Amino acid sequence: MTHNRAAVDLTGRWDGIFNYPAGDRSNTFIATLRDSGGQFVGETTEPSDDLNDCEATLIAWVEGQHDGMTVAFRKSYDDPTRADYAVSYRGSVSGDGLEINGTWDIPNVWSGTFIMVRPAAQAASIEQAVAETVR
């Protein structure tokens, strides 16, 4: 069965949280994505996890794809101290297109879970657009 890659458009802002393994604290992030027919690029910003520089904001670039409700992307940090690795994300989009959840992985280092949700105002405008399309 072939899925329509553009069935869900991931374009827009997403608020997220990723969890570290072994009960370490979680970290929040904001992702801004631009989706074109199932291929997407974007940027994330997140508070630094460096306890010596907790005021810093980390910026990363994302590139990925989704097929049906399955999502996969890689995040590469702009910070030169993190340039030697990328983080792989795999997950699923909810049926309403308002949530993505799954796992992240830095191969041979560690992994954890993540969740991304569209902000309430954006979700309301998506619901309105869907309602107008159905009419």
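User: In this predicted model, is arginine 13 buried, exposed or partly exposed?
Analyst: The relative accessible area of arginine 13 is 38%. Buried requires under 20% and exposed over 50%. Arginine 13 therefore falls in between, as partly exposed.

User: Which residue forms a salt bridge with arginine 13?
Analyst: The closest N and O atoms of the pair are 2.8 Å apart. The cut-off for a salt bridge is 4 Å. The partner counts as partly exposed, at 26% relative accessibility. That partner is aspartate 15.

User: How many salt bridges does a search of the whole structure find?
Analyst: One of them pairs aspartate 15 with arginine 13. Another pairs glutamate 46 with lysine 75, with the closest N and O atoms 3.1 Å apart. The search of the whole structure gives two.

User: How many residues apart are glutamate 46 and lysine 75?
Analyst: Glutamate 46 forms a salt bridge with lysine 75. Glutamate 46 sits in strand E3, residues 39–47, and lysine 75 in strand E5. The pair links distant parts of the chain, with a separation of 29 residues.

User: Is glutamate 46 buried or exposed, and what is its relative accessible area?
Analyst: Buried means under 20% relative accessible area. Its salt-bridge partner, lysine 75, counts as buried at 2% relative accessibility. Glutamate 46 is buried too, and its relative accessible area is 2%.

User: Which side chain of opposite charge is nearest to arginine 118?
Analyst: Arginine 118 lies in the loop between E8 and helix H1, residues 120–134. Arginine 118 is buried yet has no salt bridge. The nearest side chain of opposite charge is 5.7 Å away, and the cut-off is 4 Å. That side chain belongs to aspartate 9.

User: Which backbone oxygen does the side chain of arginine 118 reach at 2.8 Å?
Analyst: A polar atom of the arginine 118 side chain lies 2.5 Å from the backbone oxygen of aspartate 9. The contact at 2.8 Å is with another backbone oxygen, that of glycine 97.

User: What pattern does the protein chain follow along the sequence?
Analyst: The secondary structure comes to one helix and eight strands. The helix is H1, residues 120–134. Read along the sequence, the pattern is β-β-β-β-β-β-β-β-α.

User: How many residues are in the largest nonpolar core?
Analyst: Leu10, Leu33, Phe73, Ile100, Trp104, Phe114 and Met116 touch the most other members. Strands E1, E2, E4, E5, E6, E7 and E8 each supply at least two residues of this core. In soluble globular proteins, nonpolar side chains tend to be buried together. The number of residues in this core is 23.

User: Which tyrosines does tryptophan 104 contact, leaving aside neighbours within four places in sequence?
Analyst: Tryptophan 104 is among the core residues that touch the most other members. Its contacts include Phe18, Pro21, Val87, Trp110 and Phe114. The tyrosines in contact are Tyr20 and Tyr89.

User: Which residues does tyrosine 85 touch, not counting those up to four places away in sequence?
Analyst: Tyrosine 85 is found in the loop between E5 and E6. Tyrosine 85 is partly exposed, with a relative accessible area of 26%. The residues touched are Tyr77 and Ile106.

User: What share of the residues of the protein chain counts as buried?
Analyst: The chain has 135 residues. It exposes about 7,900 Å², and carbon and sulfur atoms supply 53% of that. The buried share of residues is 36%.

Technical notes:
Residues are numbered from 1 along each chain as its sequence is written. This is a predicted model: local features need pLDDT of at least 70, side-chain atom pairs count only at pLDDT 80 or more; totals for chains, interfaces and linings use all residues. Side-chain values use heavy atoms; hydrogens and water are left out. A nonpolar core is a set of buried Ala, Val, Leu, Ile, Met, Phe, Trp, Tyr and Cys residues joined through side-chain atoms within 4.5 Å. Buried means under 20% relative accessible area, exposed over 50%, partly exposed in between (1.4 Å probe, protein chains only). Helices (H or I, at least four residues) and strands (E, at least two) are DSSP runs, numbered from the N terminus. Contact means heavy atoms within 4.5 Å. Accessible areas come from the Shrake-Rupley method with a 1.4 Å probe; for residues, only the protein chains shown count as cover. Lys and Arg count as positive and Asp and Glu as negative; His and the chain ends are not counted. A polar contact is a pair of N or O atoms within 3.5 Å; within protein, one must be able to donate a hydrogen and the other to accept it, and residues adjacent in sequence count only if both atoms are side-chain atoms.
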